[in-house]
Amino acid sequence: MKIKYLGTAAAEGIPAIFCQCEICRKAMELGGRNIRTRSQALIDETLLIDFPADTYAHFLKEKFPLSKIKACLITHSHSDHLYPIEIEMRKDDYAHIENKEPLTFYGDESAYSLLRQAIEKVHIEENVVKNVLITPFVSFETEGYFVMPIRASHDSWSSPVVYLIEKDGKSLLYAHDTSDFIEESWNCLKKFGKKIDFISFDCTAGTAPMQYVGHMNLQRCIDMRKKMVRLGLADSSTICVLNHFSHNGENVLYDTFSEIAQKEGFWVSYDGMEMTF
Ligand SMILES: [Zn+2]
Ligand SMILES: [Zn+2]
Ligand SMILES: [Zn+2]
């Protein structure tokens, strides 16, 4: 399985769109891996995770075959993960696609309903975009992948899930945006009961201390990984990546944070990072 990180920031991006803070100024100055667009990932050039406004910029930069992709998993309805009105551009005449098959979106209630509104507003046919309502803890299959949506601990209005994805004996847990899981979610992972090969953790706050539920910092990632090791869900061969950074976090610039994270056995994502496992 191959994952490509297309966008690796929280909602505002780094530098944040209207911000003059020190982190944003520094990121702009340093450039390279310190520049982060909004969250999106691609599995094997087949399965898209999330659909932010930056999808178009990702397509331009990475040149992945967006017109051919048939499945997109939406984690939740926050704007850095879902920008529904863009789907209008897949309609005939806006897009000329050979052997056109629908692009199917999978999302829980809030994402599903935002997409439904967009579909109704601009009259999109089922052969252009399909909208599928998922249920947390009920697995489904798409494009040959086993997908288990697991309830995330995040703004409940956005009906958040994280995804456990499995194919050909390889597995990946894409765990944004969330903090420590609720009991039911841990039980679902326990039921899976196998070592996960690749885990992408939410590290919105970097090394900053945090009290609120919804995201993670480095310490929370360390604690979550420890619990996963205890439960047999991870071991020293599991690739652990930190992702989804905010300019309001501490030490979040790539150049700084990659050194800190490496000491704890984590990789740090950057826009365009690709890993095969
Ligand atoms: Zn987010
Ligand atoms: Zn800023
Ligand atoms: Zn969110």
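**Exercise 1. Find the partner of Glu-62 in a salt bridge and say where the two residues lie**.

Solution. Glu-62 makes a salt bridge with Lys-4, and their closest N and O atoms are 3.0 Å apart. The pair joins distant parts of the chain, since Glu-62 belongs to helix H2 (residues 55-62) while Lys-4 sits in strand S1 (residues 2-7), 58 residues away. The structure used throughout these exercises is a predicted model. As a further step, take the accessibility of Lys-4: its relative value is 15%, and because buried means under 20%, Lys-4 counts as buried.

**Exercise 2. For the salt bridge between Lys-100 and Asp-92, give the distance and decide whether Asp-92 is buried or exposed**.

Solution. The closest N and O atoms of Lys-100 and Asp-92 are 2.9 Å apart. Asp-92 has a relative accessible area of 53%, and since exposed means over 50%, Asp-92 is exposed. Lys-100, at 25% relative accessibility, falls between the two cut-offs and therefore counts as partly exposed.

**Exercise 3. Treat the salt bridge between Asp-197 and Lys-195 in the same manner**.

Solution. Here the closest N and O atoms are 3.5 Å apart. Asp-197 has a relative accessible area of 12% and is buried, whereas Lys-195, with 31%, is partly exposed. Turning to salt bridges that share partners, one finds that they join Lys-4, Lys-61, Glu-62 and Glu-274 into one network. The count of salt bridges comes to nine.

**Exercise 4. Describe the order of the strands in the seven-stranded sheet, and explain what is particular about the strands at its edges**.

Solution. The seven strands form an open sheet with mixed pairing, in the order S7-S8-S9-S10-S11-S12-S13. Strand S7 (140-142) and strand S13 (267-268) stand at the edges, and because each has a single partner strand, one side of each is left without a neighbour in the sheet. Within the sheet, strand S9 (residues 161-167) pairs with strand S10 (residues 170-175) in the antiparallel sense over five bridges, and Glu-166 stands opposite Ser-171 in S10.

**Exercise 5. Which strands does helix H4 lie across, and which does helix H5 lie across**?

Solution. Helix H4 (residues 183-192) lies across strand S8 (145-151), S9 and S10, and runs at about 150° to S8. Helix H5 (residues 218-230) lies across S10, strand S11 (198-202) and strand S12 (239-243), and its direction makes an angle of about 145° with S11. Strand S10 thus appears in the list for H4 and again in the list for H5.

Key:
Residues numbered from 1 in each chain as written. Chains lettered and ligands numbered in written order. Predicted model: local features only at pLDDT ≥ 70, side-chain atom pairs only at ≥ 80, totals over all residues. Heavy atoms only, no water. Pairing = 2+ DSSP bridges. Helix = DSSP H or I, 4+ residues; strand = E, 2+ residues; numbered from the N terminus. Contact = heavy atoms within 4.5 Å. Axes fitted to C-alpha atoms, helices over the stretch in contact; angles between N-to-C directions. Salt bridge = Lys/Arg side-chain N within 4 Å of Asp/Glu carboxyl O. Buried < 20%, exposed > 50% of the residue type's maximum accessible area, 1.4 Å probe, protein only.
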